Amino acid sequence: MAKKPVIGLLGGGQLGRMLQEAAAPLNIEIVILDQANSPARQINQNDKHVTGSFNDPDKIRELVTKCDVLTVEIEHVNTETLEEIATKGVTLANGQVKKVAVHPSWETIRLIQDKYLQKEHFSKAGVPVAPQIAVNAESLTPDSLREMAEKLGFPFMLKARKGSYDGRGNFRVGGEQDFDEAIRSMGKLQLYAEKFVPFVKELAVMVVRTEDDEGNLKGVHAYPPVETVHEESICTKVFYPPRRIAADITKEASLVASNVVRTLKGRGVFAVELFLIEDGSILVNEVAPRPHNSGHLWIEAVPYMSQFKAQLCSILDIFPSSLKLQPRVSAAIMLNILGGSREDSHEKLIDIASLHYDEHMDTYIHLYGKEWKPGRKIGHITVTSYEPDRDLEKLAAPFIDEVNAIRQDRLDAASAQIRPSEVTKPSTSSRNRNSPLVVVTMGSDSDLPVLKGAFEVFESFGVPYDFTITSAHRTPHRMVELGKSAAARGVRVLIAAAGGAAHLPGMLASETVLPVIGVPVKATHLDGHDSLLSIVQMPRGCPVATVGINNSTNAGLLAVKILGSSDAKYSHAMAEYMKKMSDEVVAKAERLEEIGWEDYLKSRS
């Protein structure tokens, strides 16, 4: 049997690791360019490994001397060097010039690196995308932002054209009050503006593209659409089939994704991310020219052709042209294992998954060999079921609950960094139902966990406070009574938390002379941006102070500062708290400078 060509891979992270796992049974050799202990290198022990940056032109040329075809693990690579390799070649030690094919094509990678050009390309091909406008970052001014708003309407998105991923490089402009921050945050980037799309679900379709040696399209093969769930702009869960979506919508999603990939060049697997709009239409969000997080579940759900095996077979032009990518299971769920607040935060999840047995569900654990870091993707778990009548999401509830617990613990730990933990907490609670200085209200008891930070602030500073539930829509009379009576009771500040339409803070402010602080609560959709905008966009004459989404800690601290403007006790306590924060930062800086960054990171772990 003829020896298969050697594949060179730029990048050795978790995708490269799983590509290597798929290559070994096929006797396909992969040579990697990345750091010496990258996740893929840990299970790839050939002597051809190239140690260095996968964006270093010289290292890429060195890799080319050891392989027959080149592919990428990530699209943020040096396409100028890839173009040189594919068109001009690399001069070897013996003086010969060696060219290797790059898949997907360097032209496709270059196009996809610029998200504006990517969507312009799709739009010209008749693929549905959101309206967008090119932006000259050097002329990003309030006037130019107003012009964008006139064309796109509020809200709209400012997005970095290059280098962004996992939600980074995006800024939502909800109104003119955001202009200054938009200019400050985005003014140095190459940008485009895009109409905000209020989608109801995010979908993804993995598509395999094959072509002949002359670059002519041979075929596209789509895996079924999946539903992706993002939290903090990171994919946390993937569901097959998508939940509560009609068959005609999934069929349309597959068709749109396939049409997208037909417009590109090169062989390989492509991830097409889509928005499902409320009217049932599909819009293309963006494309990744490689295996993707949303396709991990196909390792078990389509065991004869995972996305990684498909990547190898398409690149080597051995992908079966008649193959149907039909799942062997009725349902599958992929859960990302993200680093928690501690190095061992995920171990309970691994133990649960390792020891869990259910005759109606199969469980598969994948760990990537990556160093722990909060929020980092360090593995994933896939669960599958062959029984269409079973509720797989219910069966997988122990895993899903633990994934959510790790996330909440990570968020709590991040929030705790700005909480006044150094202020001495009194032995008894400072809650005072008869004479509170601050009253906290919420639209629903589901908002209570969000307000934990504010309660901790009041307990730490010894602020008399009370709390209740008043819904602006379901119990408007309770809301009006609270607003009208608060000042007469001696209350000095009101805090109101609400999600979704989030009318409670604004309606409460219209009924009281006291300052009202609104806490936007992150709801299921739109990541709490709807709540934030509803609270902050109050009409002139009816102000509401607004803090960040779910950031009740800042609401509590702001309330203490308001009290301190007329009460020296709270002013002095706040000054002490702020000094301790400053001292902590100085101490950390001195420690870092003294022991160096490596030992500092080890001490934190």
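The following exchange goes through the fold, the cysteines and two local sites of a predicted model.

Biologist: What radius of gyration does the protein chain have, and what would a compact globule with 605 residues have?

Modeller: Taken along the principal axes, the C-alpha atoms of the protein chain fill a box of roughly 90 × 60 × 55 Å. For a compact globule with 605 residues one would expect a radius of gyration near 25 Å, and the protein chain agrees with this, its own value being 27 Å.

Biologist: How many helices and strands are there in the protein chain, and what share of contacts joins residues at least 24 apart?

Modeller: The protein chain holds 20 helices and 25 strands. Among contacts in the protein chain between residues at least 6 apart in sequence, the share that joins residues at least 24 apart is 66%.

Biologist: What percentage of the residues in the protein chain is buried, and what part of the accessible surface belongs to carbon and sulfur atoms?

Modeller: Of the 605 residues in the protein chain, buried ones make up 52%. The accessible surface comes to about 28100 Å², and the part of it that belongs to carbon and sulfur atoms is 50%.

Biologist: How far apart are the mean positions of the positive and negative charges?

Modeller: The protein chain carries 69 positive and 77 negative charges. When the mean position is taken for each of these two sets, the distance between them is 1 Å.

Biologist: How many disulfides are there, and which cysteine sulfur is nearest to that of Cys 67?

Modeller: A disulfide requires two cysteine sulfur atoms within 2.5 Å, and by this rule the count is zero. Cys 67, which counts as buried because its relative accessibility is 0%, is in no disulfide, and the nearest cysteine sulfur, 18 Å away, is that of Cys 313.

Biologist: Is Ser 385 buried or exposed?

Modeller: Ser 385 has its place in strand S20, which covers residues 377–385. Leaving aside residues up to four places away in sequence, Ser 385 touches Val 329, Ser 330, Ala 331, His 360, Arg 390 and Leu 392. Because its relative accessible area is 1%, Ser 385 is buried.

Biologist: Which strands and helices are included in what covers the buried residues of H14?

Modeller: Helix H14, residues 452–461, is mostly covered, with eight of its ten residues buried. Among them are Phe 455, Phe 458 and Phe 461. The cover over the buried residues of H14 includes strands S21, S22 and S23 and helices H18 and H19.

Biologist: Which residue just after H14 takes a positive phi?

Modeller: H14 ends at residue 461. Just after H14, a positive phi of about 70° is taken by Gly 462.

Conventions: Residues numbered from 1 in each chain as written. Predicted model: local features only at pLDDT ≥ 70, side-chain atom pairs only at ≥ 80, totals over all residues. Heavy atoms only, no water. Buried < 20%, exposed > 50% of the residue type's maximum accessible area, 1.4 Å probe, protein only. Helix = DSSP H or I, 4+ residues; strand = E, 2+ residues; numbered from the N terminus. Rg over C-alpha atoms; globule rule 2.2 N^0.38 Å. Contact = heavy atoms within 4.5 Å. Areas by Shrake-Rupley, 256 points an atom, 1.4 Å probe, with all protein chains shown as cover. Lys, Arg positive; Asp, Glu negative; His and termini not counted. Charge placed at Lys NZ, Arg CZ, Asp CG, Glu CD.
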